[in-house]
Amino acid sequence: MNKFLETMGDSDKMAPKVKSIYVCSECGFESAKWYGKCPGCGQWNTMNEEIKESISAKSSLISARPTLHRPMRIDEISAEEEARYHTGLTELDRVLGGGIVKGSLILISGEPGIGKSTILLQICEFLGKSLRILYVSGEESGRQIKLRAARLGVHSENLYILTETDVQNVVEQIRSDQPDLVMVDSIQTMNFTDLNSSPGSVTQVRECTNTLMRAAKALEIPILLVGHVNKDGAIAGPKVLEHIVDAVLYFEGDRQMTYRILRAVKTVMALQMRSVCLIWGTTGFTKWTTPHWLCWPAGLFMSLGLVSPV
Ligand SMILES: Nc1ncnc2c1ncn2[C@@H]1O[C@H](COP(=O)(O)OP(=O)(O)OP(=O)(O)O)[C@@H](O)[C@H]1O
Ligand SMILES: [Mg+2]
Ligand SMILES: [Zn+2]
């Protein structure tokens, strides 16, 4: 082989080129050049520079797959209805299409302060009576979570708190503990160490979600994932994740008001729209209504005083 080419090859291997690309934080659209308005979703100022990951990082991701599946004859596959956990909140179960399906990855997203962490802990109070729950927080300390739990009256003995941001450590913990249910708050704080991009970037958020998805499916443990909605485009939005996860619940409403709407834009059964109206009390959500006609425009009716929120 030509000596020059041989040396070129070696130096190429030793110093892989770091290429940067522009990725839309709303929809994940990628481009070599920057656009003020994303050609993918039409949003303004959502294109951020990210590092295009090298092949070596990608190949380590492939090896991180948890298990190898073998093909199954179709008559070996059970067609029984999927096992579901009931959350204790009938309306939430309805929005989820009948409860939390084992092995599913459910995204709960909404703006800061809308009540994502609160609803997760409130679910723990009921589910914790019969299930072991692992609550992973990359945002808050164990003490902060304990204080919120005390405020909400959540005293489950089966609730375990893990403060961790390394997604591979989280999966390792899930694998060794084998809890019945996992909650991850939030996906934007999770980090895949083999990637160079910063936590919250589209590349990180996608890879961390894929890692959790593989774990949920392989271990048949459902994972509830919190995702922030961020208008300034600095972190990846939930649209980027919608196609990866099994179900998506959006929190809507104003954090100053006494009600919030939880809208399912994607469920495990099919793509459909279901909503539930949640009433915010002094200690978390206090009431859940079945507002077929109220879902939208619930806010309008309530703000006009035509419907009482309690
Ligand atoms: N210590 C507290 N005492 C009383 N109310 C609180 C307290 N902490 C939070 N809240 C209320 O609970 C609401 C929901 O908070 P929560 O932390 O569940 O929201 P979140 O969607 O998880 O927010 P973030 O995106 O910031 O994590 C807040 O809007 C606030 O009104
Ligand atoms: Mg929170
Ligand atoms: Zn876009």
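The largest nonpolar core here has 67 residues, and Ile106, Val184, Leu225 and Leu249 are those with the most contacts inside it. A nonpolar core means a set of buried Ala, Val, Leu, Ile, Met, Phe, Trp, Tyr and Cys residues joined through C-beta atoms within 7 Å. "Buried" means that 20 or more other C-beta atoms lie within 10 Å of a residue's own; with 12 or fewer the residue is exposed, in between it is partly exposed, and the C-beta atoms are placed from the backbone. Domain 1 (3-52) and domain 2 (82-303) both give residues to this core, so it lies between them; the domain bounds come from an automatic or database domain assignment. As a general rule, nonpolar side chains tend to be buried together in soluble globular proteins.

Before going on, keep in mind that this is a predicted model: local features need pLDDT of at least 70, side-chain atom pairs count only at pLDDT 80 or more, and totals for chains, interfaces and linings use all residues. Residues are numbered from 1 along each chain as its sequence is written, while chains are lettered from A and ligands numbered from 1 in the order in which they are written.

Take Ile106 from that core. Leaving out residues up to four places away in sequence, Ile106 touches Ile100, Pro222, Leu224, Leu225, Val245, Asp246, Ala247 and Leu249. Touching, or being in contact, means that two C-beta atoms, placed from the backbone, lie within 7 Å. Across the protein chain, if you take the contacts with a separation of 6 or more, 64% of them are between residues 24 or more positions apart. Of the 310 residues in the chain, 38% are buried. The secondary structure comes to 9 helices and 14 strands, which are DSSP runs numbered from the N terminus (helices are H or I with at least four residues, strands are E with at least two).

Now for the ligand. Around ligand 1 sit Gly110, Pro112, Gly113, Ile114, Gly115, Lys116, Ser117, Thr118, Glu139, Arg151, His228 and Arg255; a residue makes this list if its C-beta atom, placed from the backbone, lies within 6 Å of the molecule. By class, that's 2 nonpolar, 6 polar and 4 charged residues. Here Ala, Val, Leu, Ile, Met, Phe, Trp, Tyr, Cys and Pro count as nonpolar, Asp, Glu, Lys and Arg as charged, and the others, Gly among them, as polar.

One member of this shell, Pro112, lies in the loop between strand S6 (105-110) and H4. Pro112 counts as exposed because it has 9 C-beta neighbours inside 10 Å. Its C-alpha atom is separated by 6.8 Å from that of His228, although the two are 116 residues apart along the chain.

Follow that loop onward to helix H4, which gives the largest share of the ligand 1 shell, 3 residues. H4 is mostly covered, with 10 of its 12 residues buried; among them are Lys116, Ser117 and Thr118. At 1.5 Å a residue, H4 (residues 116-127) should span 16 Å, and its end C-alpha atoms are 17 Å apart, which agrees. The expected span is 1.5 Å times one less than the number of residues.

What does Leu152, in helix H5 (residues 142-152), touch? Setting aside residues up to four places away in sequence, Leu152 touches Thr118, Leu121, Gln122, Thr283 and Gly284. The C-alpha atoms of Leu152 and Thr283 are separated by 5.4 Å, with their positions 131 residues apart along the chain. Leu152 counts as partly exposed because it has 18 C-beta neighbours inside 10 Å.

Next comes helix H7 (residues 202-219), whose 18 residues should span 26 Å, and whose end C-alpha atoms are indeed 26 Å apart. Its buried residues include Val202, Cys208 and Leu212. Asp166, in the loop between strand S8 (159-163) and H6, is 9.0 Å from Cys208, C-alpha to C-alpha. Asp166 itself is in contact with Asn191 and Thr193, leaving aside neighbours within four places in sequence.

A few backbone details round things off. Right after H7 comes Glu220, with a positive phi near 55 degrees. Asn45, in the loop between strand S2 (30-31) and strand S3 (47-52), also has a positive phi, near 55 degrees. Gln178, in the loop between helix H6 (167-177) and S9, has a positive phi near 50 degrees. Finally, the peptide bond from Asp185 to Ser186 is cis, with omega near 5 degrees, and Ser186 is found in the loop between strand S9 (181-185) and H7.
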